[in-house]
Amino acid sequence: MISTLIFDKYLETAEQVDPIKCVGHVVKVQGLLIESRGPQAIIGEQCRIEVPKGSGIIQAEVVGLREDIIQLMAYGDIEGIEIGSRVIASGRRLEIPVSKKLLGRVLDCMGRPLDEKGEIASRIHYPATALPPDPLKRRRVTQRIVTGVRAIDGLLSVGRGQRLGIFAGSGVGKSTLLGMVARNTNADVNVVALIGERGREVNDFIAHELGPAGLAKTVLVVSPSNSPPLARLRGAYTATAVAEYFRDQGLDVMLLFDSITRFARAQREIGLAAGEPPATRGYTPSVFDSMPKLLERCGASDKGTITGFYTILVDGDDLDEPVSDTVRGILDGHVVLSRRLAEAFHYPAVDVLGSISRLAPAVTGPATQKAAGYIRRLMAVYNEAEDLINVGAYHQGTNPAIDEAIAKKAAIDSFLIQGVEEKSSIVETLQVMGEIAGIEIPMEEMQTWQKRSMALLTDDSYEDAQDEDGEETPEASGDPEDAEKQTEQRPEPEL
Ligand SMILES: Nc1ncnc2c1ncn2[C@@H]1O[C@H](COP(=O)(O)OP(=O)(O)OP(=O)(O)O)[C@@H](O)[C@H]1O
Ligand SMILES: [Mg+2]
């Protein structure tokens, strides 16, 4: 009798416990959206859904909250999910294990290796969603970064920490141009984000665009078009977090992102599924909120730089469509690729006159600017008179500017046309440009910054010490507190 009384006490306590604090149960699955009653979770929190009849566990993330219903989306396939499946909250948002061991690796949207080169065990984790660097602590962009592409290095010079968009319709050469930059840039580390693009292109990119030498200094983050929208969305954040890690090491990182349009579409799919109203052209308000949050994380900080090239697929070659328009306003320049040039086999199909690098004047010397200005002017004059020239209505000697533009046309074209495999050093690029313009560009304008970073990569101060488990010890970096600071002092992620 006494024992029953004691038992009742525990029963009473058990009944008072709120059973949905950490575990909930699926109540509805509609399209991409999984709804569960419980657990207690915040937007962006990682959850596991137990599916004994499927793969065992589905990784998901909270994307919405509605009364007592939690709305989730999965990072992968949702096979095996059923009403009543247990949903367990982790209490954590998405974090990526980071270390220099990431170099040469291919990761999925959650930072897990996709290649078969072993686990990336690291004690340092970076949040996939983070705040951009403090605007007042951002270093100014004052030095150029070399892309190895003449049209860009010569006429659209890019600074270390600048962010540019590559705008073009489909099949005009965006991915190929990114590949050329990845292979030829003098940045220390490349982070390549292949978001929502064809899965087939991943191996092509590794084999053709990068090659073994390029891969050694590259981290690829891949969320192909067949992956769920959450995977595509988070792949973008993961790639940015990886770039931020290398920037925090004091390095110059090149973030090559293909494509921001697929990122926006993934956000739109998630927003619509979660019940957001469509706004401009079906894009939900969260799309326009998330784009600046993502793009502003790129750039210079007080430690290192991330130079970003983001491709934008321009719907129907309309540069004013909402994603293009928003991105153009955020970035520090745009490279427009022209279908007309691509059709004429003028590759890379950079429409120089339609493109702009807002920071070019800050990273180039006066002679370079003069030569670039001269070439741009001749191109503009030629374009203006092109119709007359083509129908034979222009007679030489009528207008000296047009005569000069015609005389230099072949030299300018051969300067701009560049084979995929052809690398052009900054010295070669500027010398040719100087010859066309008849201006001697002094050596000091051809210099880039003193490279110190590759040395850093093999330097002990950068080497991550390995503890017995093969994991990094934070004390291993030059500054003993550095690694700790990286996780502790990073601003609270914003979703
Ligand atoms: N520099 C180049 N030299 C020669 N051919 C090129 C060059 N750039 C692109 N091409 C040609 O254009 C095709 C499409 O290029 P790419 O895949 O880079 O375009 P894209 O803009 O990324 O296309 P999508 O919008 O479909 O992703 C290539 O298969 C190739 O034939
Ligand atoms: Mg492409």
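**Buried strands, a ligand shell and some unusual backbone spots**

Along strand β12, Arg163, Gly165 and Phe167 face one way while Leu164, Ile166 and Ala168 face the other, and all of them are buried. That covers the whole of β12 (residues 163-168): six of its six residues are buried, so the strand is largely enclosed by the rest of the structure. All of this comes from a predicted model, and the values below are computed from it.

The neighbours of β12 come next. Strand β17 (residues 305-313) pairs with β12 in the parallel sense, over six bridges. Strand β18 (residues 333-336) also runs parallel to β12, and three bridges join the two. Phe167 is a handy landmark here: its bridge partner in β17 is Ile312, and its bridge partner in β18 is Val336.

Ala168, one of the buried residues of β12, also turns up in the surroundings of ligand 1. The shell around that ligand is made of Ala168, Ser170, Gly171, Val172, Gly173, Lys174, Ser175, Thr176, Leu313, Tyr347, Pro348 and Val420. Sorted by class, the shell has six nonpolar residues, five polar ones and one charged one. Helix α3 (residues 174-184) supplies the largest share of the shell, with three residues.

A second enclosed strand is β14 (residues 218-223). Six of its six residues are buried, so β14, too, is largely enclosed by the rest of the structure. Thr218, Leu220 and Val222 point one way from β14, with Val219, Val221 and Ser223 pointing the other way, and all are buried. Strand β13 (residues 189-195) pairs with β14 in the parallel sense over six bridges, and Asn190 sits opposite Thr218 of β14. Strand β8 (residues 106-107) is joined to β14 by two bridges, again running parallel; here Val106 stands opposite Leu220. The link from β13 to β14 involves helix α4 (residues 200-216), and together β13, α4 and β14 form a right-handed β-α-β unit.

Zooming out, the chain holds 15 helices and 19 strands. Of its 495 residues, 45% count as buried. Contacts between residues distant in sequence are well represented: among contacts with a separation of 6 or more, 72% link residues 24 or more positions apart.

Helix α6 (residues 260-273) makes a neat check on geometry. At 1.5 Å a residue, its 14 residues should span 20 Å, and its end C-alpha atoms are indeed 20 Å apart, which agrees. The helix is mostly covered, with 13 of its 14 residues buried. Both flanks of α6 have something to show in the backbone. Ahead of the helix, Ser259 sits in the loop between β15 (252-258) and α6, and the peptide bond from Asp258 to Ser259 is cis, with omega near 5 degrees. Just after α6, Gly275 takes a positive phi of about 95 degrees. Further on, in the loop between α6 and α7 (285-295), comes Arg281. Arg281 has a positive phi of about 45 degrees although it is not a glycine. Arg281 counts as exposed because it has 11 C-beta neighbours inside 10 Å, where the cut-off for exposed is 12 or fewer.

A few other loops deserve a look. A cis peptide bond with omega of about 0 degrees joins Gly38 and Pro39; Pro39 belongs to the loop between β2 (33-37) and β3 (45-51). Glu67, in the loop between β4 (56-66) and β5 (69-74), has a phi near 50 degrees, a positive value in a residue other than glycine. Glu67 is exposed, with 5 other C-beta atoms within 10 Å. Val146 is a loop residue as well, lying between β10 (144-145) and α2 (150-155). Unlike the exposed Glu67, Val146 is buried, since 23 other C-beta atoms lie within 10 Å and 20 or more make a residue buried. The C-alpha atoms of Val146 and Arg160 are separated by 8.8 Å, with the two residues 14 apart along the chain.

How values were computed:
Residues numbered from 1 in each chain as written. Chains lettered and ligands numbered in written order. Predicted model: local features only at pLDDT ≥ 70, side-chain atom pairs only at ≥ 80, totals over all residues. Helix = DSSP H or I, 4+ residues; strand = E, 2+ residues; numbered from the N terminus. Pairing = 2+ DSSP bridges. Right-handed = clockwise from strand over helix to strand, strands pointing away. Near = placed C-beta within 6 Å. Nonpolar A, V, L, I, M, F, W, Y, C, P; charged D, E, K, R; others polar. Contact = placed C-beta atoms within 7 Å. Expected span 1.5 Å × (residues − 1).
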